[in-house]
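The following exercises concern covalent links, charged pairs and a helix in one protein model. Please attempt each task before reading its solution.

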Amino acid sequence: MKLLKKKNLRFMEKMIKIGSLLCFLLCFGLGFSQDQDTGELPDTQVEPKETVLETSMMVVKDTVEKSFQRIKLDGIAAVVGDYVILDSDIEKTLIDIKNQGASTADLTRCSLLGKLMEDRLYAHQAVQDSILISDDEVNATIDRQVQSLVAQVGSMEKLLKFYKKDDLPSFREELFEINKLRMLSEKMQRKIVDGIEVTPEEVRQFFNKIPKDELPLFGAELEISQIVKTPKISDEEKQKVKDKLSKIKADVEDNGASFKIKAILYTQDEGSKSNGGFYSVTRETGFVKEFKDVAFSLKEGEVSEPFETIYGFHIIFIEKIRGQELDLRHILISPEVPESAKQQASAELDSIRQQIIDGKYTFAEAARNFSDQKETKFDGGVLRNPINFDSRFELTKMDPTLYNQVRNLKDNEISRPIFESDPRGGAPKFKILKISNRFDEHKADFAKDYLKIQELALTEKQFNAIKDWMAEHIEDTYVSVKGEDRTCTFANKWVKE
């Protein structure tokens, strides 16, 4: 059987599209606005007895009709393990996708129900496998979602009105359930595909089985190189920060001060500030090595000494150790960068740029000799795509900030020094950029596009692993599809004989 048929490609694209839409909705807390009954009972105290009886019968009739409508709206569409999917879950998901302006042309009730059932099966099995999501993790996600949504609509009052919620606690309560299910589902999916790799031979076979007229089309791409200069910070400024963190540590240890409150007040890590510096971390979490080394050297309840990373100085408090996972809080403070240091870094880059133009160095040689960025200097300043570590950046998928910095550069032209702050709290930097190579839109070529083809082959292998996992666990899990939905043509065998 061919690995790559048109039908399979269309199916994978459709499922990825549905998954992306639902993930977008769930990640931003959408998909749960509700209509509420606000009808009042009539005042019958001053009416004759007959009218009371008549009115009471009308109230009963009205209540029965409303109850019937509510049961119909919230009828059960399916049950997967311990999870129930209501008709309203499907309807509200579709409505919210439309409200966000996304196309629903390829979405049907059956496809949405199938995706919701997949998510419930992942979550159900995650619980069976003792995969845990802490309340703090969920609440940290909710904090970020609420901040983002408030920024979009303008105020908390408008946000609650838009989602028809009386108060923030009830809004957060519903967000909590949605996010916990999503996070369990994602963690289970990661577990399924964890460790799956493809060999060069598998990549070659994958590519050779793609019909020539169905080869993927890759968009226009750029290779970009950079030289970075980080303004020098004096030892005196660094010591001020270390002393401040040591004082916070002492206040927590000696006086019982709350580390969480201290983090809210002092940390410069905007990603965790609102939740008191909280992160849940494993050895695989994408934090810098120095941070993880310190975190995993501490005991539960211990506060670290101040230590330095590329982002500044930190202290860490270990809140809970759960096997190979840590619940921790941290405070990040970066030293002040004097204006004179910024001017000096910019002037150095101007000098390096001129020496490259004059032919004293190639750009790659200058990067190796003068760049302060260890990740790129030994590769001649070549930037790596964070998605696949390839040296190419597809124009339509580039980070908007980077795209704006290079879009007007001609071939072999070197930019003037560009100032760039670090949104994660790290030291600011200056850089000069050069477009090393351009690639026009083209059909996949095995030699030139090996990394992209490898990524496609890995995706298909992971897809097949998930498909096999689904088939096995649907068989072993209680699943019930109700009513007319049993006639749906699902991607998985949800309807059991």
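The model is predicted: local features need pLDDT of at least 70, side-chain atom pairs count only at pLDDT 80 or more, and totals for chains, interfaces and linings use all residues. Residues are numbered from 1 along each chain as its sequence is written, and side-chain values use heavy atoms, with hydrogens and water left out.

**Exercise 1. The disulfide**

Identify the cysteines joined by the disulfide, determine its handedness, and classify each partner as buried, partly exposed or exposed.

*Solution.*

Step 1. A disulfide is taken as a pair of cysteine sulfur atoms within 2.5 Å. The structure holds one; C110 and C488 form this bond, with an S to S distance of 1.9 Å.

Step 2. The partners come from distant parts of the chain, 378 residues apart: C110 belongs to helix α4 (residues 109-128), and C488 to the segment after β13 (479-481). Helices (H or I, at least four residues) and strands (E, at least two) are DSSP runs, numbered from the N terminus.

Step 3. The S-S torsion of C110 and C488 is about -70°, and the disulfide is therefore left-handed.

Step 4. Buried means under 20% relative accessible area, exposed over 50%, and partly exposed in between (1.4 Å probe, protein chains only). C110, at 24% relative accessibility, is therefore partly exposed, whereas C488, at 12%, is buried.

**Exercise 2. Salt bridges**

State how many salt bridges the structure holds, and locate the partners of the D119 and K115, R392 and D449, and E420 and K431 pairs.

*Solution.*

Step 1. The criterion is a side-chain nitrogen of Lys or Arg within 4 Å of a carboxyl oxygen of Asp or Glu. The structure holds 37 salt bridges.

Step 2. D119 and K115 pair at 2.8 Å, N to O. Both lie in helix α4, four residues apart, which is about one turn of the helix. D119 has a relative accessible area of 6% and is thus buried; K115, at 12%, is buried as well.

Step 3. For R392 and D449, the closest N and O atoms are 3.1 Å apart. This pair links distant parts of the chain, 57 residues apart, with R392 in strand β9 (residues 392-394) and D449 in the loop between β12 (442-443) and α16 (450-476). R392 and D449 are both buried.

Step 4. The closest N and O atoms of E420 and K431 are 3.0 Å apart. E420 lies in strand β10 (residues 418-420) and K431 in strand β11 (residues 429-439), 11 residues apart. E420 and K431 are buried.

Step 5. Through shared partners, salt bridges also join E137, K187, R322, E325 and D327 into one network.

**Exercise 3. Helix α9**

Compare the span of α9 with its expected value, and establish how its buried residues are arranged around the axis.

*Solution.*

Step 1. Helix α9 (residues 235-255) has 21 residues and spans 29 Å from its first C-alpha to its last, close to the 30 Å expected at 1.5 Å a residue. The expected span is 1.5 Å times one less than the number of residues.

Step 2. The buried residues of α9 are E237, V241, L245, I248, K249 and V252. They cover an arc of only 115° around the axis, so they lie on the same side of α9; the arc is that of the directions from the helix axis to the C-beta atoms.

Step 3. The face of α9 turned away from this buried side carries the exposed residues D235, E236, K247, D254 and N255.

Step 4. The cover over the buried residues of α9 includes α10 (259-266), β7 (312-322) and β8 (325-333), where contact means heavy atoms within 4.5 Å.

Step 5. Just after α9, G256 takes a positive phi of about 75°.
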